[in-house]
Amino acid sequence: MDIVCNNISFQLPHKLSITRTRFTFATTKSRTGPYCSLQKYSTSSLIMRKPLINSLLPKTDHDHREYWKLNPGKFGRFGGKFVPETLITCLSLLEAEFNFVLQDTKFQEELSTALRDYVGRETPLYFAERLTDHYRNEKGEGPEIYLKREDLNHVGAHKINNAIAQAMIAKRMGRKSVVAATGAGQHGVATAAACAKLALDCTVFMGTADMEKQSSKVLLMKLLGAQVKAVDGCFKEASSEAIRNWVGNLEKSYYLTGTVVGPHPCPIMVREFQSIIGKETRKQAMEKWGGKPDVLLACVGSGSNALGLFHEFINDEDVRLIGVEAAGFGLDSGKHAATLAKGEVGVYHGAMSYLLQDEEGQIVGTHSVGVGLEYPGVGPEISFLKDTGRAEFYTATDQEAVQAYQRLCRLEGIFPALEASHALAFLEKLCPTLPNGAKVVVNCSGGGDKDVDTVVNYRYNQ
């Protein structure tokens, strides 16, 4: 089924029947000719009847990696390429290059060297002894808690794993400039650092609200040579503006996404380059206790750090995968970023996934004390893990996340990012339910020095 607007065709799954849509497009002149702007004038979301939505999910087992081989870019009904025709060729070239470098020995050797010598991998799997003791019951029993220390990467977060790899691809493709969007600033700094290393021009779009909260990250990006452009709003508006900028110069620029959202192959690329987190975790767990983790725990914004940890273990049915979203002021407050808890299926930024949207299919605003979680959607693979039940998803409020931040500081001398603090907060509910000695790995996806002012202000205002 095709939707055509302003002479641009959008392909939809052939079984899809739309019961309510709002498509408001505008044709804009650029150097590459007219294109259709999905983000500036409309969110382009789709709302379908729930019985139909459920019928679109293929009858597959949990080994969705095998399903994906037969249906590239699709996870059940999620994913795809809902983009203007202008972008199809560009995305196809990117997919071909990505598939090539996965098998290219020289590229893989260069990437391994960069991850080891520049990023600082492998990151420790740290036994949090005092945090473990904190959750022991009156009998002295409880799970053992380990932290995957992605905060110790160069520039302080997991984002550099993907940024350096994609920057290398951009250079291989002959692109001279890189465009990116950032919320908490971690992806922006990682992209700016990778571009500085590889002599690429870098432009980072960032929402004005996020720039105010993460002023230190803005300064770092500028010191690394990036041009930082302010956009009214938050991360979703910055993403839209970055995509528009990229569309206007497809032949020379490269859009370096840091999230597992967007049209295929973007989510797959980010997940693949972040999957080193889970691969290292499996190896380190075997070295430390001779087995696998029992539980993997990660925060979920759009899902890059969660999938980075989860993907290696998806086919290990005895390993629980738990993601924690941002409940903000509470799920009933309307001020949260809990897409999986409160969202509906729709299309946004080029792919089908769960979204926070109103009855007319328009994207609604989000809130979290961890600004990196303020995105109104999740990646297609995360959406698929929810629907199949392979992963569990819960929420943590702003207050719970701030308390978890302070707890880790006090007990372990580690500053976790407020985003990762949402996962740490869920330990309060999880640990009492686990058997003695269960091995829990929490992805400490970034450092929290950037969040000190936010935490102090939050405590003051309380």
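This report walks through the sheets, a helix pair, the largest pocket and some unusual backbone spots of a predicted model.

## The six-stranded sheet

Let's start with an open sheet of 6 strands, which follows the order β9-β10-β20-β15-β16-β19 and has mixed pairing. Its edge strands are β9 (125-127) and β19 (391-397), and each of these pairs on one side only. From one strand to the next, the twist averages 30°.

Within this sheet, β10 (residues 144-149) and β20 (residues 439-444) run parallel and are joined by 6 bridges. If you would like a pair of residues to look for, I145 has V440 of β20 as its bridge partner. A helix also meets these strands: α17 (residues 418-425) lies across β10, β15 (295-299), β16 (320-328), β19 and β20. Relative to β15, helix α17 runs at about 140°.

## The four-stranded sheet

Another open sheet has 4 strands in the order β13-β12-β11-β14, and here the pairing is parallel. The edges are held by β13 (227-231) and β14 (253-255); each has a single partner strand, so one side of each is left without a neighbour in the sheet. The twist in this sheet averages 25° from one strand to the next.

Strands β11 (residues 177-182) and β12 (residues 201-207) are paired in the parallel sense over 6 bridges. Here you can find A180 standing opposite V204 in β12.

## Helices α7 and α9

How are α7 and α9 oriented to each other? Helix α7 (residues 186-198) packs with helix α9 (residues 215-223) at an angle of about 10°, and their axes are 9 Å apart. Since angles under 35 degrees count as roughly parallel, α7 and α9 are therefore roughly parallel to each other.

On the α7 side, the contact is made by Q186, G188, V189 and A192, while α9 brings K217, L220 and M221. Sorted by class, this contact has 4 nonpolar, 2 polar and 1 charged residues.

## The largest pocket

Rolling a probe the size of a water molecule over the atoms shows where empty space is left. In this model, the largest pocket holds about 330 Å³ of space. It is lined by 17 residues, and those closest to its centre are K213, V369, D453, T454 and N457.

Which elements give two or more residues to the lining of the largest pocket? They are α8 (208-213), α9 and α19 (452-461). The largest share, 6 residues, comes from α19. By class, the lining of the largest pocket has 4 nonpolar, 8 polar and 5 charged residues.

## Unusual backbone spots

Most residues other than glycine have a negative phi, and most peptide bonds are trans. With that in mind, a few places are worth a look.

Two cis peptide bonds can be picked out in loops. One runs from R121 to E122, with omega near 10°, and E122 lies in the loop between α4 (105-119) and β9. Another joins H264 and P265, with omega about 15°; P265 sits in the loop between β14 and α11 (266-274).

Positive phi values turn up in loops too. V155 is not a glycine, yet its phi is positive at about 65°; this residue is found in the loop between β10 and α6 (159-172). A199, also a residue other than glycine, has a positive phi near 60°. You will find A199 in the loop between α7 and β12.

Note on methods
Residues are numbered from 1 along each chain as its sequence is written. This is a predicted model: local features need pLDDT of at least 70, side-chain atom pairs count only at pLDDT 80 or more; totals for chains, interfaces and linings use all residues. Side-chain values use heavy atoms; hydrogens and water are left out. Axes are lines fitted to C-alpha atoms, for helices over the stretch in contact, and angles run from 0 to 180 degrees between N-to-C directions. Angles under 35 degrees count as roughly parallel, over 145 as roughly antiparallel, 65 to 115 as roughly perpendicular and the rest as oblique. Contact means heavy atoms within 4.5 Å. Ala, Val, Leu, Ile, Met, Phe, Trp, Tyr, Cys and Pro count as nonpolar, Asp, Glu, Lys and Arg as charged, and the others, Gly among them, as polar. On a 1 Å grid over the protein atoms alone, a cavity is a set of points where a 1.4 Å probe fits but cannot get out, and a pocket is an open set with protein on both sides within 12 Å along at least five of seven lines; lining residues have an atom within 4 Å of a point. Grid points are joined across faces, edges and corners, and a volume is the space filled by probe spheres set on the points. Two strands pair if DSSP finds at least two bridges between them.
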